[in-house]
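I opened my notebook and set out to look up a ligand site, the nonpolar cores and some strand pairing. My entries follow the display.

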Amino acid sequence: MTDLISSPRQPATVSTGRVNIQTFGCQMNEYDSELVGSILGQNGYSLTPEETDADVILFNTCAIRETAHLRIYSRLGALVAEKQSRDDLIVGVLGCMAQNLKEDLLLKFPSVDFICGPDAYRQLPELIGRARGMRQRGAAVELSEYETYEDIAPTRVDGVNAWIAVMRGCDNFCTFCVVPYTRGRERSRDPKGIVEETRRLAAQGYRQVTLLGQNVNSYQYDGTSFADLMLAVAEVDGIERVRFTSPHPKDFPRPLLEAIAGSERLCSHIHLPLQAGATRVLKKMNRDYTRDEFLRLAELIRETIPGVSLTSDIICGFPTETDAEFTETEDVMRAVEFDSAFIFKYSERQGTIAEKLWEDDVPDAVKSERVTHLVAVQKDISLKHHQATVGKTVRVLIEGESRKNSAEWRARTYGNAIVVFADPSRRVGDFCDVQIKEATPHTLRGIPC
Ligand code: SF4
């Protein structure tokens, strides 16, 4: 742990240890917040959902999107006044932004007592203790080649789906991405521990697990492949659906596709991040596949897993992307017909290869136009896919109340589509058959059978 600045403030008497964790970014961060909750719980702290009720506020941050950065900066700025009126309040920044910006974050925000990177969460009780007792600011940002938090059972909050991190880190070094620098090299967990964790989750009533990793399908442990792991997890009694995220297109060997096709519990949904449709841009992104290879893979997936749902991530306006190359992205989208896609403007991230080598030269207005155009293209494709299910009966798992109407359920199909329906006799966690009556680009609406 690195000691930084000792504050002249006098120690305050602290009688409670209530921690409020605020999570930004991806599912791995959600999972890490559950790990942090568990680590702190073992050290006598309790969690509170209310910031005003907390003695310690932790921001678990993301370094991928500019918007996430800006939101966190604004929260940290606002806490300066709060800390002046509450001398005992401790603020920590965790996660990828802490790892990426390191001590700069402490210098920029006097409201921050410590920073802690994704491989250093075991040091949190010590960081908090030093900030509370000795008024010491601190930083724990060492990356580890081995840390998988294998022995820590996360404090989970969702009663239907449980996230299980099966690997951490990434070795791919896509030139736009900061993850290899903030989360270190790839390391996979022992499959025995993962299956054991799945058994415990099934015993607690979870019906679905989602295997997580920055590059989840590169999972490899002493000869156990990702396909082997998926099949082993799917065999656990009580678990009816197994999902995974986030994969890389380069790691889809045929046995993995055949495993998904052959098991009723392995959901037929594959997230296949395209990022760009032109081979030159893909090469510059260091994505390790060409446009044609991506198209062939999508075709192979559709042949091997009939009815599979394919979703994607797309970046508009990567440095030097021309109009013609942007059109190639649209062409691939139209050829593959993703069920849905997250479409983003390229946002330069500090510390990435792209930031070091190339000017962010596509004007913001052009990036925005490209995003708007692709969002409209995807909306039409998603609507077409959804309309094809009208009249069909689909099996769904109820995840919670509909966001727009609490008298309706929000449920998910095997292929990951959201279905809204009303049935007061059902509960969260139930499976049921629903006949689809209406379709929009984002949602299906139905009636229970
Ligand atoms: S595969 Fe690429 S985009 Fe995904 S985490 Fe690794 S470097 Fe980032």
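**Entry 1: around the ligand**

I listed the residues around the ligand: Cys170, Asn172, Phe173, Cys174, Cys177, Val179, Pro180, Gln214, Asn215 and His248. I kept in mind that this is a predicted model. Next I sorted the shell around the ligand by residue type. Six of its residues are nonpolar and four are polar. I found no charged residue in this shell.

**Entry 2: the nonpolar cores**

I turned to the largest nonpolar core, which has 111 residues. Which of them touch the most other members? They are Ile115, Cys116, Val166 and Met230. I then asked which helix gives the most to this core. Helix α8, residues 226-234, does, with six residues. Why does this core lie between domain 1 and domain 2? Domain 1 (2-140) and domain 2 (158-165 + 179-266) both give residues to it, so it lies between them.

I picked Val166 for a closer look. Leaving out residues up to four places away in sequence, I found that Val166 touches Ser188, Arg189, Ile194, Leu211, Leu212, Gly213, Val216, Tyr219 and Leu229. I also noted another core, of 14 residues, that lies apart from the largest one. Val394, Val396, Leu397 and Phe421 are among its members.

**Entry 3: paired strands**

I followed strand β16, residues 309-316. It pairs with strand β15 (residues 269-271) in the parallel sense, over three bridges. Here His269 stands opposite Ser309 of β16. β16 also pairs with strand β17 (residues 340-345), in the parallel sense over six bridges. There I found Ser312 opposite Ala341 of β17.

Notes: Residues are numbered from 1 along each chain as its sequence is written. This is a predicted model: local features need pLDDT of at least 70, side-chain atom pairs count only at pLDDT 80 or more; totals for chains, interfaces and linings use all residues. A residue is near a molecule or strand if its C-beta atom, placed from the backbone, lies within 6 Å of it. Ala, Val, Leu, Ile, Met, Phe, Trp, Tyr, Cys and Pro count as nonpolar, Asp, Glu, Lys and Arg as charged, and the others, Gly among them, as polar. A nonpolar core is a set of buried Ala, Val, Leu, Ile, Met, Phe, Trp, Tyr and Cys residues joined through C-beta atoms within 7 Å. A residue is buried if 20 or more other C-beta atoms lie within 10 Å of its own, exposed if 12 or fewer, and partly exposed in between; C-beta atoms are placed from the backbone. Helices (H or I, at least four residues) and strands (E, at least two) are DSSP runs, numbered from the N terminus. Domain bounds come from an automatic or database domain assignment. Two residues are in contact if their C-beta atoms, placed from the backbone, lie within 7 Å. Two strands pair if DSSP finds at least two bridges between them.
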